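Subject: A structure for you to explore

Hello,

Here is the structure I promised to pass on to you. Please open it beside this email and look for each residue as you read.

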Amino acid sequence: MKHLITALFCAFTATALPAQAATVTLDLTNNAPAFSDGYVNNGDTVSAGDFSVTFKNVRTNGANRSLVFFIGTLFGNKFHEIGSVDLIFNIDTIIDTYHILNIGNGGFRLSGSNGTSGLNSFGRGWANAFDMGTIPVFLAGETYTLTHTIAGSSIDAISALRLSSAPPPAAIPLPASLPLLLAGFGTVALLRRRARRRI
C-alpha cells in the first residue's frame, strides 16, 4: 500500500509540471537535401527533427522556382528570386529566430488564416528574433504565405529558421488538498495493517 501511495503522489505531481518544447534549426541553404539541386521547387519539403515545412506556389518574376545558395534561399524581385511562397508546417510551430548571412534592405511577412506576422527585416545579419505579430502559432496543415517586401532591387537570403513546438496546454495545478488526502489514505492503510497484526 505504501508503494501505491508513493506512485500516486508521483503521478499527480508529474502532471503538474510543464512539458519542455522541442527546438530545431531548419536549414534553408543548398545543404538541405530538398535544395541540393540549387532551387526551391514547388512541393520541396525541408525537415529537421520532428519539424518539416513544405514550399508551395513559389512565385518569382518569370520562373517557377528560386535559387538557393550557401547563403540561403533567395528573395527579391529578379528572375530567380522568391517574391512570395506558401509554407505548410507539419506540426503546430513557432518561429523563434531567422538567420541571414547577407544583409539586404528588404523584409518579409507571413500571413494565414489565424493572423499576420510583423515585418521581419533583412537589414540585420546573423540571428534575428522573429516577430510573430498576431499569429499565436503556425497551425499544422494550414497555408501561410511568405511575402517579400521589395526595397529597391535588393537580393535577400534566409539561411535558417529556428523553430519550436507550440507550448503545451497549461498544466492543471496540483490541488493543495491532494497531498493531505493521500496522506490520509496512507494513515488509514497503516492503521489497518497494524490492526491486522494484532488480531
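One definition will help from the start: a residue is called buried when its relative accessible area is under 20%, exposed when that area is over 50%, and partly exposed in between. Please also keep in mind that this is a predicted model.

Let us try the definition on leucine 101. It has a relative accessibility of 39%, so leucine 101 counts as partly exposed. You will find leucine 101 in the loop that joins strand 8 and strand 9. Which residues does leucine 101 touch, once its neighbours within four places in sequence are left aside? They are Phe70, Ile71, Trp126, Ala157 and Ser159. Take the pair with tryptophan 126: the two residues are 25 apart along the chain, yet 5.8 Å separates their C-alpha atoms.

Now for the whole protein. The fold contains two helices and 15 strands. There are 199 residues, and 38% of them count as buried. About 10900 Å² of the protein is exposed, with carbon and sulfur atoms supplying 61% of that area. Look also at the contacts with a separation of 6 or more: 68% of them come from residues 24 or more positions apart.

Next, the inside. The largest nonpolar core is made of 35 residues, and Phe55, Ile95, Leu110 and Phe138 have the most contacts within it. Several strands each give at least two residues to this core, among them strand 1 (23–27), strand 4 (51–60), strand 8 (93–100) and strand 13 (143–149). Leucine 110 is a good place to zoom in. Setting aside residues up to four places away in sequence, leucine 110 touches a list of residues that includes Leu87, Ile95, Phe130, Ile135, Phe138, Tyr144 and Leu146.

Is there any empty space in there? Rolling a probe the size of a water molecule over the atoms shows where such space is left. How many cavities of 30 Å³ or more does a search of the whole structure find? The search finds one. The volume of the largest cavity is about 50 Å³. Around the cavity you will see Leu26, Leu28, Val53, Phe55, Phe75, Leu87, Leu146, Ile158 and Leu161. Sorted by class, this lining has nine nonpolar residues, with no polar and no charged ones. Two names may look familiar: Phe55 is in the lining, and Phe55 is also one of the core residues with the most contacts.

Strand 4 has two more residues to visit. Lysine 56 lies in this strand, and its relative accessibility of 37% makes it partly exposed. Beyond its neighbours within four places in sequence, lysine 56 is in contact with Asn42, Val85, Asp86 and Ile88. Its C-alpha atom is 9.3 Å from that of valine 40, which is 16 residues apart from lysine 56 along the chain.

Asparagine 57 also sits in strand 4. Most residues other than glycine have a negative phi. Asparagine 57 is not a glycine, but its phi is positive, at about 50°. With 43% relative accessibility, asparagine 57 is partly exposed.

Finally, here are two loop residues to compare. Is glutamate 81 buried or exposed? Its relative accessibility is 6%, so glutamate 81 counts as buried. Glutamate 81 belongs to the loop between strand 6 (72–75) and strand 7. Apart from neighbours within four places in sequence, its contacts include Arg59, Thr60, Asn61, Ser66 and Ser154.

Threonine 134, in the loop between strand 12 (126–129) and strand 13, has a relative accessible area of 57% and is therefore exposed. Not counting residues up to four places away in sequence, threonine 134 touches Asn114, Gly115 and Thr116. Serine 117 is 17 residues apart from threonine 134 in sequence, with 6.0 Å between their C-alpha atoms.

Enjoy exploring, and write back with any questions.

Best wishes

Methods: Residues are numbered from 1 along each chain as its sequence is written. This is a predicted model: local features need pLDDT of at least 70, side-chain atom pairs count only at pLDDT 80 or more; totals for chains, interfaces and linings use all residues. Side-chain values use heavy atoms; hydrogens and water are left out. On a 1 Å grid over the protein atoms alone, a cavity is a set of points where a 1.4 Å probe fits but cannot get out, and a pocket is an open set with protein on both sides within 12 Å along at least five of seven lines; lining residues have an atom within 4 Å of a point. Grid points are joined across faces, edges and corners, and a volume is the space filled by probe spheres set on the points. Ala, Val, Leu, Ile, Met, Phe, Trp, Tyr, Cys and Pro count as nonpolar, Asp, Glu, Lys and Arg as charged, and the others, Gly among them, as polar. Helices (H or I, at least four residues) and strands (E, at least two) are DSSP runs, numbered from the N terminus. Buried means under 20% relative accessible area, exposed over 50%, partly exposed in between (1.4 Å probe, protein chains only). Contact means heavy atoms within 4.5 Å. Accessible areas come from the Shrake-Rupley method with a 1.4 Å probe; for residues, only the protein chains shown count as cover. A nonpolar core is a set of buried Ala, Val, Leu, Ile, Met, Phe, Trp, Tyr and Cys residues joined through side-chain atoms within 4.5 Å.
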